[in-house]
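Biologist: Take me through the salt bridges in this one, please, and tell me what the parts they join are packed against.

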Amino acid sequence: MVSESEIVTLIQEAKKGEKERKFKESLELYITLKDIDVKKGFALNEVIQLPNQMSKPAAVCVMAEGDMGLKAKDAKADEVLDNDKVTKLAEDKRASRKLINKYDFFLADTKLMPVVGKSLGQLLGPRGKMPTPVPFNAPIESFLSRFKTSIRVRVKNSLSISCKIGDTTMDEHQVAANAMAVINNLKTKFPNGDKNIRKYMVKTTMGKAAKLVHKVTK
């Protein structure tokens, strides 16, 4: 099993010699798998909460009205859509696609789920972005807090996984902790756990990848 210190070393190698950019570069984790038959439909669509929030939180849209809608606005949801707005989106496919691409996660009051499914299900489903249902009287603030510090890892019929784990301005140990949270979550989804991992890579947005071949402890 890879250690957090080994991931820190990868991060340092990835950042070494990087030119100064006019924008903040992301740090991305890549995991290459082995001994998995992708023809059997291997797929992942995991939401993973990270221990350390990135400088830009995930964008979350809430579909709710009434008390839950008001609380979502107070809790700084990026956008709140009521029943009428969700229904109208069904009439404008271009606006619907734009909305879906804009947000990382969607939450919806359970009472609105049938409307959401009918209006946007055909677009949200294939993108793996169907809303997480929020029960009546559930603390929408807690849901928002969790999803704003989460990432989605989605892969279908592939032996390569990639996701953002931080940026170059963050403390390297915090980024490594985020990487370990992803690795520990995903290895439970592989047929043979971490034995299915071939190697890890970390790279900046514009940089070269630092690589580490995975060694399985017997």
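Modeller: First, the bookkeeping: helices (H or I, at least four residues) and strands (E, at least two) are DSSP runs, numbered from the N terminus. This is a predicted model, where local features need pLDDT of at least 70 and side-chain atom pairs count only at pLDDT 80 or more, while totals for chains, interfaces and linings use all residues. Residues are numbered from 1 along each chain as its sequence is written, and side-chain values use heavy atoms, with hydrogens and water left out.

Take a salt bridge as a side-chain nitrogen of Lys or Arg within 4 Å of a carboxyl oxygen of Asp or Glu, and you get four of them. One stays inside a single helix: Asp67 and Lys71 both belong to H2 (residues 66-74), four residues apart, or about one turn of the helix. Their closest N and O atoms are 3.2 Å apart. Residues three or four places apart point the same way because an α-helix has 3.6 residues a turn. For exposure, buried is under 20% relative accessible area, exposed is over 50%, and partly exposed is in between (1.4 Å probe, protein chains only). On that scale Asp67 is partly exposed at 48%, and Lys71 is too, at 37%.

Next comes Lys148 with Asp78, at 3.0 Å from N to O. Lys148 sits in helix H6 (residues 140-148) and Asp78 in the loop between H2 and S4, so this pair ties together parts 70 residues apart in sequence. Lys148 counts as buried, at 17%, whereas Asp78 is partly exposed at 41%.

Then there's Lys15 with Glu172, 3.3 Å from N to O. Lys15 belongs to helix H1 and Glu172 to helix H7, so the pair links parts 157 residues apart in sequence. Lys15 is partly exposed at 23%, and Glu172 is partly exposed at 21%.

Now for what those two helices lie on. It's an open, antiparallel sheet of four strands in the order S8-S1-S9-S10; strands pair if DSSP finds at least two bridges between them. S8 (160-167) and S10 (210-213) are the edge strands. Neighbouring strands are turned by 20 degrees against each other on average, direction ignored. H1 (residues 4-15) packs on this sheet, touching S1, S9 and S10, at about 45 degrees to S9. H7 (residues 172-186) lies across S1, S8 and S9, at about 150 degrees to S8. Contact here is heavy atoms within 4.5 Å; axes are lines fitted to C-alpha atoms, for helices over the stretch in contact, with angles from 0 to 180 degrees between N-to-C directions.
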